[in-house]
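Student: I would like a close look at one part of this model, namely how a pair of packed helices is arranged and how that part relates to the place where the two chains meet. Please take it step by step and keep the argument connected.

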There are 2 protein chains.
Amino acid sequence: MTDFPDRIDIAEEGPREGFQIEPGPIATDAKIALIDALSATGLRTIQVASFVAPRLVPGWSDAEAVVGGFAPRPGVAYTALWFNQAGLDRALAFRDRLHLVGSISLSASEAFSRKNLNRDREGQLAAMRRQTQAHQAAGVPVSRVLVMAAFGCNYAGDIAPATVLTTIADGLTIAAEAGAVIRDLSLADTMGWATPARIERLIGTVRDRWPDLRLSLHLHDTRGLGIANAHAGLRLGVARFDSAVGGLGGCPFAGQPGAPGNIATEELVFLCDELGIATGVDLAALIEAGRLAERIVGHRLPSTLLRSGALAPLRRAA
Amino acid sequence: MTDFPDRIDIAEEGPREGFQIEPGPIATDAKIALIDALSATGLRTIQVASFVAPRLVPGWSDAEAVVGGFAPRPGVAYTALWFNQAGLDRALAFRDRLHLVGSISLSASEAFSRKNLNRDREGQLAAMRRQTQAHQAAGVPVSRVLVMAAFGCNYAGDIAPATVLTTIADGLTIAAEAGAVIRDLSLADTMGWATPARIERLIGTVRDRWPDLRLSLHLHDTRGLGIANAHAGLRLGVARFDSAVGGLGGCPFAGQPGAPGNIATEELVFLCDELGIATGVDLAALIEAGRLAERIVGHRLPSTLLRSGALAPLRRAA
């Protein structure tokens, strides 16, 4: 049985993900040029910057200049990322340009949380309680729970669906205590442990418990299964995906430099186009944006579709 | 409904595919070293050389030295490729080392056949009749029909399943006329047009007509859907796949240099390991063979699993 959606929503994370991990400094103008190119593709959500400490992520020390510099297009929600009060405050300065939504982000793996965030489970829950209160105080709606390492963890191994359920329940409790209404649940394969079978199992388990939450998948292509996992999600009716043009980004946890990060937006759009699922995105324009991203970073990106191109032009010529 | 096989057979084509397309000359010793490394992984079928005119494919002018030089391992079938009587004669000189099986190879796209082989449909059928007779005369069994461009063609566009059925029927007729018994049917996505949906449709159509043929998929990752397509085949019980270690090879028809060719064997094995489908292959040894292949060709290969590694070592360490 398949339950493909009629259309999906894509949250483009390429600018934020990509320019965070690239070693060389990327010019502010180049970042803006990519955001503007993406704005013209039909994408409706684009994450444009990360408000993190420049000391930790020098690649985003120009977040204000980027967010102040791109040309907003009506109908496109521009989002940003932050991890603490300082980051939230910086984002709040751009309420007129940014679509600000708060998430409750929890790792299903405590080992990952310790290694990556230097927090144990209780510390993570406490941080999210504080952040949720800060969002509410600032008038930023908190409508999403995000579970990192939902399929497995390089430090903890396989993650059981029951552990993910507990993590989601924790997030919903934090939201309820603060009076926030959670509508979206994002399951993130942070370190590339998902397989189609694990996608099916976890989605089935989560839906049984919370049938009304809208599911979103954040998939990495760390081990080559990214698009197969996306397809497994589509089969089950998942209609919200994060992705990055060109496969911009990378995985700092993969153990080897050069491991791919997010699935490539154009490969997801291509798959949907071929399956008859609407995305609202012009694939040809998106591929051009991906090629622009390659020129900006100065090296080949993981997306194979950037090499070969889509089928529509070949069909027209045939 | 899924019908995953308990185990699959993989025909490794990396050495033949890869060393054919690499621009630089690859030393004969290096080719042999890769074949010997692959022999130790548990793979049971390895295509080791192409007996083609050195004028056309200089990369295989040392086919005899390679085939005479590797260390055959009991239980492994070493295969080779040829396209005409001269190639067959060269292969026959190695009957003691090679597992010689003849195929009837037809393109479902006449346009591809014209462009790639300079033959129209009738010319292609006539060539296969002659080749089948030559195989029979030499005592080489002809047990396989292979359909190129079975999912689509850069020159003809989408290929209808009905066209593939006609092509298969042509191949079976040629075999029957020569008294050959066809057991295997290989469907090749020569130019990267397959999607999971097209895999499902074509396999269903073919099985309805010829339920007793053993199906094999030859998938290219030209547009990023290779492993998703393999997964679609696995779901339907397809138990035979061609692939290339590291994703060695490439697609000369993709329009851009650097487009990936065959799916990477280690990504297929990884998927099967994670799904509980036996391959007989030691994934760690195969990844090492893929890294050897990268050192031999002197550049990064398309496989992402070579970057990130498999999950088993992480599970053990967790």
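Tutor: Helix 10 of chain A passes helix 11 of chain A in a left-handed crossing, and in this predicted model the axes of helix 10 of chain A and helix 11 (residues 283–297) of chain A come within 9 Å and cross at roughly 165°. An angle over 145 degrees counts as roughly antiparallel, and helix 10 of chain A and helix 11 of chain A are therefore roughly antiparallel to each other. On the side of helix 10 of chain A, the contact is made by A:T265, A:E266, A:V269, A:F270 and A:D273, while helix 11 of chain A contributes A:L283, A:L286, A:I287 and A:G290. Sorted by class, the residues of this contact between helix 10 of chain A and helix 11 of chain A are 5 nonpolar, 2 polar and 2 charged.

Helix 10 of chain A also leads to the place where the chains meet, a contact that takes 43 residues from chain A and 43 residues from chain B. The elements that give two or more residues to the side of chain A that touches chain B are strand 7 (157–158), helix 8 (196–209), helix 9 (226–235), helix 10 (265–275), helix 12 (305–308) and helix 13 (312–317) of chain A. Of these, helix 10 of chain A gives the most, with 5 residues. Taken as a whole, the side of chain A that touches chain B divides into 21 nonpolar, 15 polar and 7 charged residues.

The relation between the two copies can be stated in terms of a superposition, since a turn of 180° and a shift of 0.0 Å along the axis lay chain A on chain B with an RMSD of 0.0 Å. That is the relation of a two-fold axis. In chain A, the C-alpha nearest this axis belongs to A:A228, which lies 2.0 Å from the axis. Both copies use the same surface, in that 100% of the contact residues of chain A recur in chain B.

A:A228 brings us to another helix pair, because it is one of the residues through which helix 9 of chain A meets helix 8 of chain A. Helix 8 of chain A and helix 9 of chain A pack at an angle of about 35°, with their axes 8 Å apart, and their crossing is right-handed. From helix 8 of chain A come A:P196, A:I199, A:E200 and A:I203, which meet A:A228, A:N229, A:A232 and A:G233 in helix 9 of chain A. This contact of helix 8 of chain A with helix 9 of chain A has 5 nonpolar, 2 polar and 1 charged residues.

A further pair can be followed in chain B, where helix 7 (residues 161–178) of chain B and helix 8 (residues 196–209) of chain B pack at an angle of about 45°, their axes being 10 Å apart. Helix 7 of chain B and helix 8 of chain B are therefore oblique to each other, and helix 7 of chain B passes helix 8 of chain B in a right-handed crossing. Here B:P161, B:V164, B:L165 and B:I168 in helix 7 of chain B meet B:R201, B:L202, B:T205, B:V206 and B:R209 in helix 8 of chain B.

As for confidence, chain A averages a pLDDT of 94, with 97% of the residues scoring at least 70, and the model scores ipTM 0.94 and pTM 0.96.

Note on methods:
Residues numbered from 1 in each chain as written. Chains lettered and ligands numbered in written order. Predicted model: local features only at pLDDT ≥ 70, side-chain atom pairs only at ≥ 80, totals over all residues. Contact = placed C-beta atoms within 7 Å. Helix = DSSP H or I, 4+ residues; strand = E, 2+ residues; numbered from the N terminus. Nonpolar A, V, L, I, M, F, W, Y, C, P; charged D, E, K, R; others polar. Axes fitted to C-alpha atoms, helices over the stretch in contact; angles between N-to-C directions. Parallel < 35°, antiparallel > 145°, perpendicular 65-115°, else oblique. Left-handed = near helix turned anticlockwise from the far one by under 90°. Least-squares fit on C-alpha atoms with pLDDT ≥ 70 in both. pLDDT = per-residue confidence, 0-100.
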